[in-house]
Amino acid sequence: MTAVSVPTPTAPRRGLPQGSQEKKTRVFVASQGTLIWWRFRKHKPALISAVVLILIYLVVLFAEFFAPFPQENYSVKYTYAPPQTLQIFLNGPNGLEFRPHVLGYKSVLNQESLKRVFTLDPEQVVPVQFFAQGEPYLLMGFIPATTHLLGPTAKEDPMYLLGADRLGRDVFSRMVYGTRISMTIGLVGVTISLLLGILLGGISGFFGGWVDIAIQRTIEFIISIPSIPLWLGLSAALPSDWSPIQVYFAITLILSLRGWTGLARVVRGRFLSLREEEFVMAAALDGSSELRLIFLHMLPSFMSHIIATVTLAIPEMILAETSLSFLGLGLRAPAVSWGVLLQEAQNVRSVVQAPWLLVPAVGVILAVLTFNFLGDGLRDAADPYSR
Amino acid sequence: MLRYILKRILLMVPTLFVISVIAFIVIQLPPGDFLTSYINNRAAEGTLISNEEITNLRMQYGMDKPMINQYFIWIGSILKGDYGYSFLYRRPVSELIWERLVLTFVISLVTLLFTWVIAFPVGIFSAVKQYSLGDYVATAFGFLGLSIPNFLFALVLMVLAFQYFGLSLSGLFSPDYVEAPWSLAKVGNLLQHLWIPVIVLGLSGTAGMIRTMRANLLDELHKPYVTTARAKGQSKFKTLLRYPVRAALNPFVSTIGYTLPNLVSGSIIVSVVLSLPTTGPLLLASLMAQDMYLAGAYVLLLSSLTVVGTLVSDILLAWLDPRIRLSLRG
Amino acid sequence: MSDDLLLEIKGLKTQFFLDEGLVEAVNGVNLKIRRGATVGLVGESGCGKSVTAFSVLNLVTRPGRVVAGQILFHRTLATAAGGDARGAQVETIDLAALDPDGKQMSAVRGKEIAMIFQEPMVSLSMMHTIGFQIMEAILLHFDVSQQEARQRAIQILNKVGIPNAAERVDMYPFQLSGGMRQRAMIAMALSCNPTLLIADEPTTALDVTTQAQILELMLHLQKEFGMSILLITHDLGVVAETCDEVAVMYLGEVVEQGSVRQIFHSPAHPYTQALLNSIPKLGSSKAGRLTPIEGTVPDPYNRPTGCPFHPRCVRFIKDLCDQDNPPQIELNDGRSVRCWLHDPRQGVQS
Amino acid sequence: MKASIRIVVTLMFVLVMVVTACTPAATPVATTAPAQSTATTAAKPAEPTATKQLAVVATATVLPTVAASKYKEAPALTELAKSGKVPAVTDRLPQIPMVVKPTDKVGTYGGTWRMGAVGGADQLSFQRIFAYEPLLRWTADYSGYLPNVAESFVANADSSEYTVKLRKGMKWSDGKPFTTEDVRFWFEDVLLNKDITAKPDSIFVANGKTVEVKIIDETSFTFKFAGPYGFFPLRMAYNAAPINYPAAYLKQFHTKYNPDAAKKATDAGAKSWVEYFTQKATYYTNVELPTLYAWNLTTPYGGASSVLTAERNPYYWKVDPEGNQLPYIDKVQYTIHQSVDTLVLQALNGEVDMQYRHFGTLNNKSIFFDSQQKGGFKLFPVTSALANTQCIYPTLTTKDPVTRALLQNKDFRIGLSYAINRKEIIDLVYFGQANPQQVAPDVNGPFANKQMATQYTEFSLDKANAALDKAGLTKKDAEGFRLRSDGKRVSLTVEVSTTFPNHADALNLVKVTWKKVGVDLNVKVEDRTIQWERKAANETELFDWQAGGGGGLDVMLNPQAYFPDRASAWFAPAWGDWYATRGAKGEEPPAEMKKMMELYDQLQTQPKFEDQVKLMKDILQISADYFPAICIANDPDVFGIVKNNMMNVPKTLLESATLLTPAPTNPEQYFFAK
């Protein structure tokens, strides 16, 4: 008597019984890079941030093109002029027509309060256009050009999309130029700290012994000098005949001087605990050279942490630069960075009567946000246990 | 372990010595000294100040001596526990610092607690519920906190408080309460002022912690030993706390040491913007004015605290991570 | 329904909902485990063995989920005598139906069903002493004091043959050798003397001699505790040495289950046959490792219709095997197999 | 022309008064007449200049004394007096208290005057309110000085000896008598003590010899100089050193009187007894220190507490015409801020009763103007005594010889001056609130010098080019920049302090117009200390700062905008050093400079005030012809705020650091309306 048990319903035509395994095997053949990319794709905010950052860095490259005016263009008539709104269509004689424009200003200077009161005047239509011809400049420092992404058709007309500062300079243009320094200061600094941090931290944690002690002392010693006095001392000691650019690099150096220590300690900590683990032992027994060991076998194992630290470090640099400028130690006019702009706006009068001067803060926030989301995405992507 | 700690403490001595030298140099780095900047300030104010007055001041302040001597005089008296006299305030440095330390501690501790109370649960939550709405909210909040330049944030908050509540919330008390003896009203007044610094200072800190906690925890969350524990019949929550969270704490602990000096310095810039009567602005003022002894004592204090803090976190780390602890045996 | 059944898995389906698509890791597994029996669950690595095991403990985590089937666990309600099943009254619970995080499930885990994992290096917490990790289980399931728990932990460590357990109990896993670690792991599993022990490749991480010792130990302890063992492995040699019964898995299905003798001497399913053929004769357990069968494991994205094995099957029947997945067929000698060749309605004989 | 005559006339009066004042007996009453008549001359403003004339009133205040029976005091003090904690008001006041004429009306007692200070070195905020009690005091308009602590202060014929009479029965804030013993203590044990004073301040030195102080009796003493020193009274209206040392209290910290003083000091953490002594003698950190001030320190500066407070001095020695002991206000309280912003908020919020320091800037005016309702305060104008709001001082003694030669070339400076569009700068940076001007004394004041104020201020690139060509800079490079004798481009660096953010703005505009005439300007913003250090070392090329010495007596007291009178002089520090050290250090200046220096030496010896004025005018003329500095505009008026309920605050204030505004307006007679 053969009892035939109820046949189990056949599996759906698609799908994969060994799928989970299959996927793994597929993953194994995939290189670390592609692997990360696959996971990264899924992290939408990170993806968006990446795009935004690319855009920002385009602005860095082609600041002159994106900025309607040169950063130093001042105007007696438009000190503290409020922002205009860019209108695309104009209700002309023959109905609504495509004529991008902004409204000009009517202004009176109140002699008693010394306040220039602006009103947008619907009578004055200032025609603006994309790819307008404006002040000539050298694109990337060598290509002569006169085209600006957006600008008033007549280049002396007022166009203050983000308002004007105390000298009637266009806040938008200045912010665009500020992007250049602010967005690069982080990179330079972090790269330095990253290299130092991983290398020294790795060496320290891997070899242990006197090497470790030596490096640890150095780190301990560097971080135990409080940053503000250090900044004050060093930046005050900068030769006063240095150009803003030289100062700028000096400052990134000063910033990264302490930056690497934190990372180094983390790396070391992980290494100490990793040293025991078998795969490292194994690799060591295979006689793979020590540096190879560090970079091929040990680093990947806590990629995620490093990425997290680094992506948090870049924005920290950006913020640090603003703090330095706040203390009056950072860059100084005519050099323009977000920090410099914020420092100029850092007073009650601006906050109350010209809040648009705080707009550079938006730049800072945007940059820091995107960097963090990006790093977050990378972190999760690199995280071996993210599933 | 004990031997290790002893060794470390011994190693601290040379470190601190070098630091003291560096501190002294760093303070001397800007051109001129206290008197030049003092005189420049008065001259800038338009005050008449004669050459004789300058020479007299130099003599009174013992600044007619060369740097090296000044250093040894300084370090010598510090070893004797005498931190010297503040040129700026014409009062003993120790007095000046101690007076402000209490309030600084209050602010820093409140902020720290605020930070932890928020950061830990939120961090754990957003790791466990990765990619959930909650996670995204926490993430967004965290990043926002990180991204706002806090000195600006402080100013804006104050201006808002002024415009909409008609409060000027600088400092920690309204002038009429500063002198008053402690009372409920005074505490209330303190709380009224305290929220701005706590929010401003706490925000970025919290954000950072949430991120790190989340990051660390995600590393641990999916490791096999977690399943093992569950297989023993341990409840989900207990397992979480006992194993992954426990492991995720390690990288954290290694940073606790650094918060020690912050407890004392507070956030200098924010304190300045908010005019807090904490040690931070005192330090900044002394540095700006090159008030050698005040600044020096200060930097030294902070440095020592960092060194101690580092030791503390190393010990904590060892205490938490047996692998490190045992590697230190013998 | 023979009353000495301990665990009955019926039509178990566990699936993973990945962004790449649905993965049917376990696709209708049927499996029986008798009291005191040792059942080997064999198959190429990743055919769903481990997932089955996890499903039993209801530990499949997001994005995986048990979607269908029953896991009937016939537990003996604790009597004064305890351990011994006879006479004690039996209660049947469907583990698959329990809330994974619920009290009931937790009560079963570790107490009734315990598990030994593959690599103790990662499966034990390096942050806690082995003592702590063993006591945790004990304290969870028995109403005892810390002291008693500790004593018990030491006893059990002795049992699993860890010399001077009294000290080792306070050691951390990374201080122990691989073998000792695995013994500790076993100790942990046995600490609450479970009625079913699931051993997921308990010896893969170990060298041959240790392997042998560990297996020895397990069998020894099985007798002592009178428990059943579900031994998951891809090592037929091990199975031959230790098991009473064998279940062969392929692509998430148990294709054949029967006694060791039956399976090894007259395998019914072509896959089983292929497996055994691939073992060199007089194979020591080392040589017993599977050498791949000709043909490749199907790509998840074009999973074969009909019998999952038919593309590699030497004896597949056109228009049948490639059309419908065969049902599970109980043969007269009490074993079951999933192959059309054994369908009475087909005239074919093996 | 007319103006100058008028001045002479007034000065006659003054002289008369000085003479009459010499008879001590006559002191309080006799002087009323002439003083009033000065008042009358001052009263009829035929021309704006009239109000600004110099009147040196070297006697007691313009009002008759009040009969002791009439003395009244603050309620709180009456209580204390009743309970015997302090003596009765008649015993607390000196025999002849100083009578202060209220700005508007006699006030009422009570209230706390809230203010704000910023940072750790803001002592001036306190000195300017309650710590200005020298022997003599400035008149509020800075046109002269009045007796203050000194009941009379009388010079001999050649002004080499001054007889000072203190107020009989006057007391320190701790009730101890204030007598010539305190003066002696200062002279013998502070000024002549080598540990405390290495080198006596030059204001106590004439003909290279230190003053001699002779005590005549308990209330009178003399300053005896080695030669004529007519300038001394002006110094004494600014410097209060001789009466800053309450002997009875300070002796305990002085080794001469207390052998344990040194130990006392080291126990307290000070390095030397001198350090400790100095600290104990500092009014804003030591609450124990007895003072002569209207308010006495109760909460010190730099403590944990974020305020500084000073409370009514029960022994204050001034009364109003009705005999009410001053001050009216019980207490002054400063909130110590770390940043100006929080102070601004405090003020906007109506938590500052009267102040202009720190926040009274052009830039802040609009926001304060808008908050008047909300904050319940009014704005009042604060005029400035500066000679210019922004000057570009060529460092005439700069190191690099070529640059130096260039800067010392007047035509070059003229060229640069013409090439500045002052109108634009004023509109853009100074809210259109100023007029183009070079460094010069108040154009409406007695020292006015039209040429000096207006020369080379027009904006003309042609004239600029002409002048620069004349200076021999005819060659130009490819980019159109002029070339120096050594073929290098004419490129100058101006160093500007972060203290004046708007200065940098202005200079960046100058840069633009200078480029048009082929001069390259590099604007370097740096910290004040660095800037001054580099200047002192003659390393700067162009040094940006404001110019003091524009209004009132500040012109004579602080002439460094006209010629380098000190090592820290704004231009040519090396020459200043040479002058200050009598040729010991620095470099020998050219003839014109030397001439001015000589004249200034003479000026200080002149017994007659009008002679001092005359000499100063000569100096100014020479300086005008030399044209050392290139400046932008006169200093625009700023503003201060006063709560609506605060009374007796003048309608307008004249701001000057040497005047120590608003101290000369007698803050002790401000009061809160009930």
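In this predicted model, C:Leu157 touches six kinds of neighbour worth listing by name: C:Ile162, C:Ala165, C:Arg168, C:Val169, C:Ala184 and C:Ala187, leaving aside residues up to four places away in sequence. C:Leu157 also belongs to the largest nonpolar core, which has 480 residues. C:Leu157 is among the residues with the most contacts inside this core, along with B:Ala154, B:Met158, C:Leu230 and C:Val248. Helix α5 of chain A, residues 171-207, gives the most to the core, with 13 residues. Domain 1 (68-95 + 106-119 + 293-386 + 637-674) and domain 2 (388-631) of chain D both supply residues, so the core lies between them.

Chain D also holds an open sheet. Its four strands come in the order β15-β22-β16-β24, with mixed pairing.

| Strand of chain D | Residues |
|---|---|
| β15 | 354-355 |
| β22 | 638-643 |
| β16 | 377-384 |
| β24 | 653-655 |

β15 and β24 of chain D stand at the edges with a single partner strand each, so one side of each has no neighbour in the sheet. Two bridges join β15(D) to β22(D), and these strands run antiparallel. Which residue of β22(D) is the bridge partner of D:Met354? That partner is D:Val642. Helix α13 of chain D, residues 362-370, lies across β16 and β22 of chain D, at about 35° to β22(D).

Next comes the contact between chains D and B. Chain D gives 58 residues and chain B gives 54 residues. On the side of chain D that touches chain B, the elements giving two or more residues include α11 (273-280), β12 (307-312) and α21 (528-536) of chain D. By class, that side has 20 nonpolar, 29 polar and nine charged residues.

Methods: Residues are numbered from 1 along each chain as its sequence is written. Chains are lettered from A and ligands numbered from 1 in the order in which they are written. This is a predicted model: local features need pLDDT of at least 70, side-chain atom pairs count only at pLDDT 80 or more; totals for chains, interfaces and linings use all residues. A nonpolar core is a set of buried Ala, Val, Leu, Ile, Met, Phe, Trp, Tyr and Cys residues joined through C-beta atoms within 7 Å. A residue is buried if 20 or more other C-beta atoms lie within 10 Å of its own, exposed if 12 or fewer, and partly exposed in between; C-beta atoms are placed from the backbone. Domain bounds come from an automatic or database domain assignment. Two residues are in contact if their C-beta atoms, placed from the backbone, lie within 7 Å. Two strands pair if DSSP finds at least two bridges between them. Axes are lines fitted to C-alpha atoms, for helices over the stretch in contact, and angles run from 0 to 180 degrees between N-to-C directions. Ala, Val, Leu, Ile, Met, Phe, Trp, Tyr, Cys and Pro count as nonpolar, Asp, Glu, Lys and Arg as charged, and the others, Gly among them, as polar.
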